[in-house]
Amino acid sequence: MVRIGIVTVSDRASRGEYADESGPAIAAWLARAVTSPYETLVRVVPDGVASVGDTLVALADEDGCDLVLTTGGTGPSPRDLTPEAMAAVVEKELPGFGELMRRISLEKVPTAILSRQTAGIRGSTLIVNLPGKPGSIRVCLDAVFPAVPYCLDLIGAGRIETDPSVCAAFRPA
Ligand SMILES: Nc1ncnc2c1ncn2[C@@H]1O[C@H](COP(=O)(O)OP(=O)(O)OP(=O)(O)O)[C@@H](O)[C@H]1O
Ligand SMILES: Nc1nc2c(c(=O)[nH]1)N[C@H]1C(S)=C(S)[C@@H](COP(=O)(O)O)O[C@H]1N2
């Protein structure tokens, strides 16, 4: 069965100082959009190159995730290190994901340009970064997810089907 990792990167959520809303928002979006069988592996980790990088490596290499969606740690503050963790673990970057998410998010908030969110491939796992704000999840997934199923096909990951009324996945003929 297809495996999807959901990784919340937040110092305070990982310490229980506030309830994680962004990981559940990702799970809820997937439940609406993905119609083929999948299971989720959920992690909540503190900011940091090692904590995020080690989690991504484990989800990709040991757990065999086809797709990993992260939320948080993409901004400019000192503890925002998700992009640095990505640089350490991905073999190929896919800059178009970050470009599109920033462009779409800019229609909602001027601070969209502060996110260094990106995507990349490790083995046969696609990793996509989303910002930490719970409200950013739907905006960003609506924008990029139509390209995700074909990307998974191309890297030899599992096949995902979507509900076209929620997310029209595009596979070139
Ligand atoms: N997983 C989350 N669940 C709920 N709210 C969140 C989450 N992540 C971020 N937020 C909200 O968005 C704001 C900005 O997110 P950001 O990722 O910059 O957090 P932060 O200030 O670096 O702190 P932390 O890493 O402790 O979450 C947070 O202050 C919080 O209000
Ligand atoms: N769609 C969307 N994108 C967004 C935001 C948002 O509220 N909605 N917040 C921005 C802000 S304020 C920041 S600082 C950056 C980085 O957020 P992160 O550090 O929580 O990942 O994402 C940006 N992208």
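How many nonpolar, polar and charged residues does the shell around ligand 1 have? In this predicted model, the shell holds three nonpolar, seven polar and seven charged residues. Around ligand 1 there are 17 residues. Those that come nearest are Ser-10, Asp-11, Arg-12, Ser-22 and Gly-132. Helix H1, residues 11-14, supplies the largest share of this shell, with three residues.

Ligand 2 is surrounded by 19 residues. Thr-74, Gly-75, Ser-105, Gly-132 and Ser-136 are the closest. By class, six residues of the shell are nonpolar, 10 are polar and three are charged. Which helix gives the most to the shell around ligand 2? That helix is H6, which contributes three residues. Gly-132 is listed among the nearest residues of ligand 1 and among the closest of ligand 2.

The ligand shells lead on to the annotated region. The UniProt record, an unreviewed entry, places the feature "domain: MoaB/Mog" at residues 5-151. Over residues 5-151, helix accounts for 43% of the chain and strand for 20%. The C-alpha atoms at the two ends of this stretch are 16 Å apart.

Helix H6 takes part in two of the helix packings described here, with H2 and with H5. The first pairs helix H2, residues 22-33, with helix H6, residues 136-144. Their axes come within 9 Å and cross at roughly 40 degrees. H2 is therefore oblique to H6. The crossing of H2 past H6 is right-handed. On the H2 side, Ser-22, Ala-25, Ile-26 and Trp-29 make the contact. On the H6 side, the contact is made by Ile-137, Arg-138 and Leu-141. By class, this contact of H2 with H6 has five nonpolar residues, one polar and one charged. Ser-22 of H2 thus appears in the helix contact and among the residues that come nearest to ligand 1.

The second packing involves helix H5, residues 95-106. The axes of H5 and H6 come within 9 Å, and the crossing angle is roughly 125 degrees. This angle makes H5 oblique to H6. H5 passes H6 in a crossing that is right-handed. Which residues of H5 and H6 meet? From H5 come Phe-97, Leu-100, Met-101, Ile-104 and Ser-105. From H6 come Ser-136, Val-139, Cys-140, Ala-143 and Val-144. The contact of H5 with H6 has eight nonpolar and two polar residues, and no charged ones. Ser-105 and Ser-136 belong to this contact. Both are also listed among the closest residues to ligand 2.

A further packing joins helix H3, residues 49-62, and helix H4, residues 82-89. The axes of H3 and H4 are 8 Å apart, at an angle of about 45 degrees. H3 and H4 are therefore oblique to each other. Is the crossing of H3 and H4 left-handed or right-handed? The crossing is right-handed. Helix H3 contributes Val-49, Val-52, Gly-53, Leu-56 and Val-57 to the contact. Helix H4 contributes Thr-82, Glu-84, Ala-85, Ala-88 and Val-89. By class, the contact of H3 with H4 has seven nonpolar, two polar and one charged residues.

Technical notes: Residues numbered from 1 in each chain as written. Chains lettered and ligands numbered in written order. Predicted model: local features only at pLDDT ≥ 70, side-chain atom pairs only at ≥ 80, totals over all residues. Near = placed C-beta within 6 Å. Helix = DSSP H or I, 4+ residues; strand = E, 2+ residues; numbered from the N terminus. Nonpolar A, V, L, I, M, F, W, Y, C, P; charged D, E, K, R; others polar. UniProt positions renumbered as here; feature names shortened; annotations may be inferred. Axes fitted to C-alpha atoms, helices over the stretch in contact; angles between N-to-C directions. Parallel < 35°, antiparallel > 145°, perpendicular 65-115°, else oblique. Left-handed = near helix turned anticlockwise from the far one by under 90°. Contact = placed C-beta atoms within 7 Å.
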